[in-house]
Amino acid sequence: MNDKRIVLKNGIIIDGSGKERYKADILIENEKMKKIGDIDAENKNDIIDINGLIIAPGFIDVHTHLDFIIASPRHSKLLESWVKQGVTTIIAGNCGFSPAPIRRKTIETLNTYWNSSLPKGGLEYSWNTMDEYFNHLEKIGQSLNAVILTGHNTLRLNAMGLEARFAEKAELEDMLKMLKESLDAGSFGLSLGLGYVPGLFSHTDELIELGSVLKKYNVPLVPHTRGLLSKNYDKAIMEVIEISEKNGISLQISHHAGGGIGRTRKKAIKAIEEAKERGVEIGHDNIAWPNTSTTVLSLFPPWAFDGGIKAFFERLRNEIILNQIKEEMRSFRPKWPNWENKWWVDRDYNENIILTGFKLQKYQRYNNMQLKEIAKDFKKESLDVLIKLVLDEEGKFFIITGQFDNPLAEDFIANLYRNPNCSVGTDIVGLDQKTPHPVAYGTFPKILGTIVREKKILSLEEAIRKMTSLPASQMRIEKRGSIKEGYFTDLTIFNPETIKCTSSFKNPFQEPIGVKYVFINGNMIFKNNQYDEKAFAGKVLRRTK
Ligand SMILES: [Zn+2]
């Protein structure tokens, strides 16, 4: 086999550590960076003149729901907008849901409740264990490097179905066994989805037990906490700190924007700072917009799902129960602990939510519209319209909530990135159903363009650190996330003067500008605005001990 050599000349390196930029050449040999410094190429054909652009480590998208997408052979095309943002590695299996390990009876729930994360045509689930899932990903080839967390909700569905109760001993042991097997196969940690069923039905003790497995593997607990949108966010943060602290494991809090700007958030942040002083390792991530996207079914009372997805739809068809459901969606206040209070952790129903991802032809015109606008068309009350849509679409569409194109909310989000422990995630769902959320088209360029260059909230070096070496250390990814000799050649080369997100809610489907070259494992997969979607240069990263 001939060695593949490339020399990058005349670039300016920002190495991911946060240190100031410097000029140097990089010699790439096969998939690694062999030498950084003054390099004379033996063969002129090997040289790429970088011409004063910034060379950074490939960006790591630390919070995605792309695990179901990358199991589809079509993922390469779908991930084009990640490559154009400079992303080379994704972390998936977040918020408690992973596509593996999976038992047959779990598939129906995932296909419905988590439908918006799936490819349009669905998945065949030709695997059961995490190892088999990894083999499948490798067999079809991967465009980006993929790191997979094991989702607690998936484990719980496998072990005990969709039941509104605590786990029994045998069920917990079953979950522990599946978790160990998944970590042995190379999964990078355990994610919790405590804002969703069935994760929110678990007692803290169940989570402490599961967390105990992580210590030996030195991998993080990655929670979507309870009460993200409620006044209980501080208590929810204390709960996940307790799970970590009791087990001596690290904590990586997902989309840590909860509690808003009020007292609740201050208390949550204080709890984190105090825990860090006691020695608990805590990191977090945020998405770069004040909007979230998730399944429409997350708006419904958790108890309505007790017994499974079929039972849920039967309840919606029973007038007396439906009235109870509607009453709670309008007025219930989540309390702590949720299991003593009808299981609610968040209540986010409102008329301003955008609905999208409809499958039925007759509802296509409602994609990307606010519920209140759709309700006008039906000449009916908003909640009644929502329930009709859920029944007709079998619950398989999704919502986008939050503040749309609102400068004050944008500032709040931008300032979250000042925190030295905040890494960057896209957290998108509905990718193959044409999501109108700009996160899919410009997260990383938005931070480098708007938050760094225009608002001057971060230095470029610090922003790059938060996209590279920080998430690599939070997730224990080895030999990536930095520009160092001997590290894998995952590189993003961009123009710091022009990099920019051009997508907005008004005009979402716009590509970012400014990224010039992307290398994954030594392969140039993007140059001159051309993405080589047949390169499949990514790897399934399997954590080794
Ligand atoms: Zn989440």
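In this predicted model, strands β7 (residues 87-92) and β8 run alongside each other in the parallel sense, paired over 4 bridges. Within the pair, I90 faces A146 of β8. The four residues of β8 (residues 145-148) alternate in direction: N145 and V147 point one way, A146 and I148 the other way. Both sides of this strand are covered, as all of these residues are buried.

A146 turns up again in the largest nonpolar core, which has 158 residues. Together with I55, L221, L355 and I447, A146 is among the residues with the most contacts inside that core. The element that gives the most to the core is helix α16 (residues 439-454), with 8 residues. Because residues come from both domain 1 (58-294 + 403-456) and domain 2 (305-401), the core lies between the two domains. A closer look at L221 is worthwhile here. Neighbours within four places in sequence aside, L221 is in contact with G189, L190, L192, G211, L214, V240, I243, S244, I249 and L251.

It is helpful to turn next to the domains themselves. The domain assignment divides the chain into domain 1, made of 58-294 and 403-456, and domain 2, made of 305-401. Their C-alpha centres are 23 Å apart. To the contact between them, domain 1 contributes 33 residues and domain 2 contributes 23 residues. On the side of domain 1 that touches domain 2, α3 (104-113) and β14 (291-295) each supply at least two residues. By class, this side of domain 1 holds 11 nonpolar, 18 polar and 4 charged residues.

Conventions
Residues are numbered from 1 along each chain as its sequence is written. This is a predicted model: local features need pLDDT of at least 70, side-chain atom pairs count only at pLDDT 80 or more; totals for chains, interfaces and linings use all residues. A residue is buried if 20 or more other C-beta atoms lie within 10 Å of its own, exposed if 12 or fewer, and partly exposed in between; C-beta atoms are placed from the backbone. Two strands pair if DSSP finds at least two bridges between them. Domain bounds come from an automatic or database domain assignment. Two residues are in contact if their C-beta atoms, placed from the backbone, lie within 7 Å. Ala, Val, Leu, Ile, Met, Phe, Trp, Tyr, Cys and Pro count as nonpolar, Asp, Glu, Lys and Arg as charged, and the others, Gly among them, as polar. A nonpolar core is a set of buried Ala, Val, Leu, Ile, Met, Phe, Trp, Tyr and Cys residues joined through C-beta atoms within 7 Å.
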